[in-house]
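User: Please take a close look at one part of this model, starting from a proline and its surroundings, and then follow the chain contacts outward from there. Plain wording is enough.

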Amino acid sequence: MSNYKHIGKDFTPPDLLGKVTGKARFAEDFRADGMVYARLYTSPMANGRVTNIDTSGLDGMTGVIGVITADDVPAVEAPNAAILTNRPTFIGDPILAVAAEDEKTAEDALARIKVSIEPLPFAVDPLDSLVTGGPNAREEGNVFARSSEGSGFRTIKWTPEQIAEFRAGKEPTGEFASEWSYGDLARGFADAAVIIEEPFVTTGYAHMSMEPRTAMAYWQNGTCFVYGSAQSQSFWMPGLARLLEVEQKDVVLISEYTGGGFGSKIGAYPLAGLPGWFSRKIGRPVQLRITREQEYYIGSARVGFQGWMKLGFAANGRITAADVFIVEDIGPNATGGDGSSAGGAVSLVYDPEAMRFRGLPVMTNTTPRGAQRGPGQNQIAAIMAPIMDKAARELNMDRVEIRKVNATSNDTTVYEDQEPVTSAYMNEALDMGAKMFGWETRRNKPPRRGSKVRGIGVGQGYHSAGATGYDGLVRITPDGRIHLHSGVGNLGTYSYASTTRAAAEVLKCDWEDCVIHRGSTEENLPWSSYQAGSNTSFTHQRANYVAALDAVDKLKQIAAQSFGGGADEYDIDGKRVFHVEDSSRSMSYAEAALQAIALGGSYSGQTWPEDIHEVTQRAVQNLAGSGLIGVAKDKLPQNGVIPGLAVAFTEIELDLDTGKYEILDYVGIAECGTVVHPQGLAAQMAGGAVWGMGMACLERHVYDPHNGLPANIGFHQCGIPTYLDTPLHVRTGAVDLPDPQSPFGARGIGEPAMGCSVAALTSAIADALDGHIFNRTPVSRDMIVNHVAGRGQSFQTLQTNNF
Amino acid sequence: MDIAEFKRDVWGREVLLGVSWDLLWVILIAAFLFIAIHALIKAAEKRRQSPTADGPRVLRHDALDRTFHWIMAITVVVLLVTGILPIIGVNFAWLTIHWIAGLVFTAVILFHIVRSLFRKSLKSMWISLRDLREPFDAAQKPGKYSLAQKSMHAGVTVLTLVVIVSGLVLFAVIDTPWWDRSNALSEAALGWMFFLHGLSTVLLVGMIALHIYFGVRPEKLFYLRAMIKGWISKDELVANHDPEQWNPGESS
Amino acid sequence: MAMNPQLSRRRFIKAVIASSAAAASNAGVQSVMAQDRPAGTVERLMSLNINGRTRRVDVLPQETLAYTLRYKLGLTGTKIGCNRGECGACTVLIDDISNYSCSTLTHSVRGGQVLTVEGLQKPDGTLHPVQQAFIDELSPQCGFCTPGQIMSAVALLKENPNPTRKEAQQAMAGNLCRCGAYDNYLNGVMRAAERS
Amino acid sequence: MASFDVMPDTHLYQPVELADALELAARHGERGWLLGGGQDTYGWLKDRAKNPQAMIDLNGIAALKGIRETAGGIEIGAATTLRDVIRNPTIRNNYGLLSDAASRVASPQIRNVGTVGGNLVQDARCWYYRRGLSCYRAGGNICYADGPDAMNREHCLFEASRCVAVSPSDTATAMVALEASMVAASLDNERIIPADKFFVGPDTHITRMTSLKPGEILTAVRIPAKWSGKRFYFEKVADRDVWDFALVSIAVAMELDGDTVGETRFVCGGVAATPYRLRDVERAARGKTLSEDSGNELAALATRGAKPLKYNHFKLPLMENLVRRAMRG
């Protein structure tokens, strides 16, 4: 346990009060004088071409202000998503919007608009598009590979025989789009005592954030004020400015609260630009609130996998070779690089001696895909867990033991280039979890009770959890307050706040004296990463640390200038900077701040380091002369992959009659370096666990292949886990060993928190069914019932986006 | 009043749903008006003294034709009852009876067509130039069938073929003991089939109304008897037909 | 900070609109509807008792309570997550019983006592025990479902001040949380129960 | 396709006398919409998939509320909330089957306002139909859920006729098992309809779930004392334990003489357009004793005549399992 002043201690994040009083303002809670309400018209067809838009029905309607179509907004290059389009490529693709004095009138207007669309061929299952003669999701092709070497459309087809082999679980022989590998795969398999070869499917599903993404915007003095739902303030700016075709300085983004994002709001999504364009067109503030159904369509979804993997295990359980092939369902906009990330996760979590990854991203006319909590890592975690169990069974090993044999540690090298990791303690996490859960005793399962059988499972989660090169900005004002500026968004992980505590730690000040500035770019925010990718903790602890160091440095210089001597003779504490030998030579932070203003220059932000981002530069410019400015870019040394790791243990009681199971116990252990905010960490582990439970048995996309219709367009049909689908208690813990490359030792955890959960559950289900593995998520009730009854499943192997 | 109804297809486009059933009432009213007027005119005419049914008899319809006619009549009634009553609000499980009756109907019609083609002279139903003169020449008498009867038969033939073909197509895409529903028909095509099936049905209803009316008119009642018992009297023959054109054999 | 458009903007944008402003912005349109009100249908102008205050509001016959609260009365603490009764973000109490305000006609609560999240905090700023407990347990994550969760918890504790954790789970079950903060919410409910 | 979620214009009547409600119902006929808890109403209206001219809110009518013990059993006003049904001691003690079923409906908030009548007459949940497509049930000429590759996991096993939707009501199965009868009032008369006859399948009424005619109002449900205090078994299997409709549910009422089964009623939800009586099982159950073996015996009869669709054949073993469970001692 750390003995810091702030790090590792609980605190009350400043935005919490608003959340419990209803005063918190989400994008849809803002109103502006003369604001009108917009409603969206989305495509009824999976793929088509708009041939005519007839708005004559609106003539003479009271309260209708205007209509905006694709002709009023920038066109984008395929396969990217546009704000509005005349070439819809999925059911729900935005085609136009209507603005009116109130929402009902806007909907009345929508009902009177006639849009003619010419249907085009569509595909809702990648394999249907991949087979010779199958439809392409876009006229340009059916595959779009994004890579640093260059991205582009391709048309890749497999013969029906190749598809059949793939379905039959054989190694795919069809063309693929990307490949990476390391080690000697052939030797690895040759050395293997046990070889396991499995086809698998993970069906994609919607993010379904609680808040349907609303945006409101108006123009004033050439500046566009956008009230949005974002996973970052600073990081959104370049994209938002591009969407609105203005300079960054002419955009203000207000996103004080965000009703969930889970990866779907990392960058400025096209819809966020619509109110700006609409407002420009009709000259009034415009609020666009979309329906839940539209949030399903536009709110992004997890990439689906249809894959094959072959693993070789040595007699001691060590993975000698891993060969992974993944067809990715990347939707119509070719988004999400989940496949390769999944390969990376296999490499990092199980450290095979040799490995090959091959990927084939295929477009479908289903909802657009994007990063979703553990994109790639969590799908593969769910598939790997039961396969590891199967290997353990065949090698007659304990299931935790086989994971320990392959566990990541400080000297593991990972990925194609076999990079080092900053630090990793998977063994410690497994030990801690096994102990807390009581693995040893629970391994001897109680006998079957009627139709109820027990199953215990263990799962591992991973996500690369950090980035570098972002800016930190702190400010000490003459009132003695310490202002901590954070441009990281806030989804409720509270890491925007817990990472600013690194600055408070460095400045040795009380939390009560600190003011966090966030939520609006008008709060003068530094260039920050996003509240995503599990990276805030590592990334912004560093950024805030360097900014605080800069402030401390300036405090010492100011003191030295006032009392003589060198800056290095001074130290800080108790909100004072003082001479180490002569405490009479000291001044308070408040006095120092006044001095800084008097001195000007870099002390009070008249000048700034040129290596900071233009977003930070503008912030400093705005703050110039308001106090002592500490600002810096994170250039601390960083080498290797930054792993966020988590393990979970769970026990379920599965009812063979109904296919339902109760989660009797759940233990989640975080391995994310030093614990920064215990409550926040526990909340992330618990929340991630629930996500895993949804992915394991409930959530999936379902599309009718005949007409391309989606079945799961609401919370109800999407099967978002409820109170009663989750355990009464969730137990969590943390390894709490510092990461050397983070000033206070922290790494991120948000995504592994889910991966370990879904993996533990698929592992537990297999255990309950005497080792039967479905190689599919979700494992729905009907699959279990059919299996127990010895019936075939309704779907064909590797089918996806189906019931 | 529309003759067709429309709906939105799965992608929101407007397609045919089927015939507008208002048409049924229009046809019924039209048929009733025609019958009423015709009846009045007939009543106004001074009645010629009608031929006697006594004396020697000739055969008009042999047993097989009569059986065919009445089987067909029954299936038609069943089809109309099961097809139309649910639409006018009399609800019952009609579908299975309807398609079974439909299959019987189809079989009967096929039998009739084949038989007409091979065993009987189509000529007796053929509308010739001579027939067309019939209405304008009081002296001219028809062969076995009058122009009115032939026209009625021609019309019914066309409608029956349409109703059967559209019916069979619809039957092909629903669940049956032998096959499951298919997507063979686009929604637009499906709409057309329902439209044709409904339209021909509605028109048939009109035709049948007239057929029945004429079947029971006093001066034509002997035809009904002929369809039941098979014979007409020599006297009725000479009074209504031209033996040159039609000279049936004696009947027992 | 002269370069900063903030000041002028303050004047331009209002926070959450007052009911009067809302009524005004909607009046033009709704009067169209008002003209044909068949005899016997509901009177549009109505009194609502919300958080202990009586408010006169012009309410369309088909209007939902969530709509009235958010768009007519400026009470935006009540959230619309699905507008379908499938998430619970819009949960309010009507005569102490939890309701989905998105699936309640405003005209049907005439004469009832409506309690929203805005009505829990005491005038002196003291938080309701549930609110305080939710802060102490760091219950909310994104916070969008929180007002609804709070109202369900308040309803539960009014009826059953000392629920078991299982009872609490059952009572809260009509509120979805996509962040999956169920465990933290239950901790909050149990802590609030201990206190109140 | 526009996606809507705001209530469109429609009129609202809030009668306090049943007579007025009946008059309004008669006047508006099919263009009127009777409003109970409204939980199956607002979605239809917001989607603009159904466009009634006026809503007739029945909640203000005292005569339609409350639970009364009668000579023959109990009578539940149609506008009584599920909340009140669940909390009613008489029902809990003597007709627990109904309490169990009612307490598994949707979610607490929905049970707080949802009414018995509304739960019984609720419309089909077929996702194609709910999308607002003009399928058979919506007066169209096609069933999207019965196509060769349609996604019909939640659809029916029995009594399909063009439409393959199922009865979604949890309380309906219990009512049929308890031999309840429905009181349907209209301006000119009052009909007492046995639950068996109250729910109707697509072969006769493809656009309606019940035999209620336009202008009729379900005023009350009468449960005979016959089954009071008998052995009951209710189970609902759904994906999630909140909100979701039954994949398959079972409601059983049985007379027991010691361990021996006398007269009994087995009813399944989620397998046909109406609550589905397992008549073969009921006949065979007579004289059997509660046991695993007799459960297995009866299970085999449960799915006789089932015609599964592509994605719903898991309902066969599920039904059989539920029958087994009902027979466990």
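Analyst: A:Pro778 sits in the loop of chain A that runs from strand 30 (776–777) to helix 21 (781–788); helices (H or I, at least four residues) and strands (E, at least two) are DSSP runs numbered from the N terminus. The peptide bond that leads into A:Pro778 from A:Thr777 is cis, with omega near -5°. The model is predicted, so local features need pLDDT of at least 70 and side-chain atom pairs count only at pLDDT 80 or more, while totals for chains, interfaces and linings use all residues. Residues are numbered from 1 along each chain as its sequence is written, chains are lettered from A and ligands numbered from 1 in the order in which they are written, and side-chain values use heavy atoms, with hydrogens and water left out.

Past helix 21 of chain A, the segment that follows holds A:Leu798 and also A:Asn802. A:Leu798 has a positive phi, near 70°, although it is a residue other than glycine. A:Leu798 counts as buried because its relative accessibility is 3%; buried means under 20% relative accessible area, exposed over 50%, and partly exposed in between (1.4 Å probe, protein chains only). A:Asn802, with a relative accessible area of 2%, is buried as well. The side chain of A:Asn802 makes a polar contact with the side chain of A:Arg776, at 3.5 Å. Such a contact is a pair of N or O atoms within 3.5 Å; within protein, one must be able to donate a hydrogen and the other to accept it, and residues adjacent in sequence count only if both atoms are side-chain atoms. Neighbours within four places in sequence aside, A:Asn802 is in contact (heavy atoms within 4.5 Å) with residues of chain A that include A:Arg700, A:His701, A:Val702 and A:Phe795, and with D:Met151 and D:Tyr311.

Chain A has further backbone points of the kinds just described. The peptide bond from A:Ala78 to A:Pro79 is cis, with omega near 5°, and A:Pro79 lies in the loop between strand 3 (64–69) and strand 4 (94–100) of chain A. A:Gln418 is not a glycine but has a positive phi of about 50°. The loop that holds A:Gln418 joins strand 17 (413–414) to strand 18 (419–420) of chain A, and A:Gln418 counts as partly exposed because its relative accessibility is 27%. Helix 7 (residues 274–282) of chain A has among its buried residues A:Leu274, A:Trp277 and A:Phe278. After helix 7 of chain A comes A:Gly283, with a positive phi near 70°.

Of the five pairs of chains that touch, chains A and C have the most contacts. One residue to look at there is C:Glu86, placed in the loop between helix 3 (65–72) and strand 3 (91–94) of chain C. The side chain of C:Glu86 reaches the backbone nitrogen of A:His716 at 3.1 Å and the backbone nitrogen of A:Phe715 at 3.4 Å. Residues up to four places away in sequence aside, C:Glu86 touches A:Gly714, A:Phe715, A:His716, A:Gln717, C:Leu176 and D:Trp243. C:Glu86 is buried without a salt bridge, and the nearest side chain of opposite charge is C:Arg84, 5.3 Å away. A salt bridge is a side-chain nitrogen of Lys or Arg within 4 Å of a carboxyl oxygen of Asp or Glu; for charge, Lys and Arg count as positive and Asp and Glu as negative, with His and the chain ends not counted.

Chain B has no contact with chain C, and their closest C-alpha atoms lie 23 Å apart. Chain B does meet chain D, with 20 residues from chain B and 19 residues from chain D in the contact. Together the two chains bury about 1500 Å², 49% of it on carbon and sulfur atoms. B:Lys7, B:Asn91 and B:Arg181 supply 32% of the area that chain B buries against chain D, more than any other three residues. One salt bridge is counted between chain B and chain D: the side chains of D:Lys307 and B:Asp180 meet at 3.4 Å, N to O. On the side of chain B that touches chain D, the elements that give two or more residues are strand 1, strand 2 and helix 6 (187–216) of chain B. Helix 6 of chain B gives the largest share of that side, four residues.

Technical notes: Buried area is the accessible area (1.4 Å probe) that two parts lose on being put together, summed over both.
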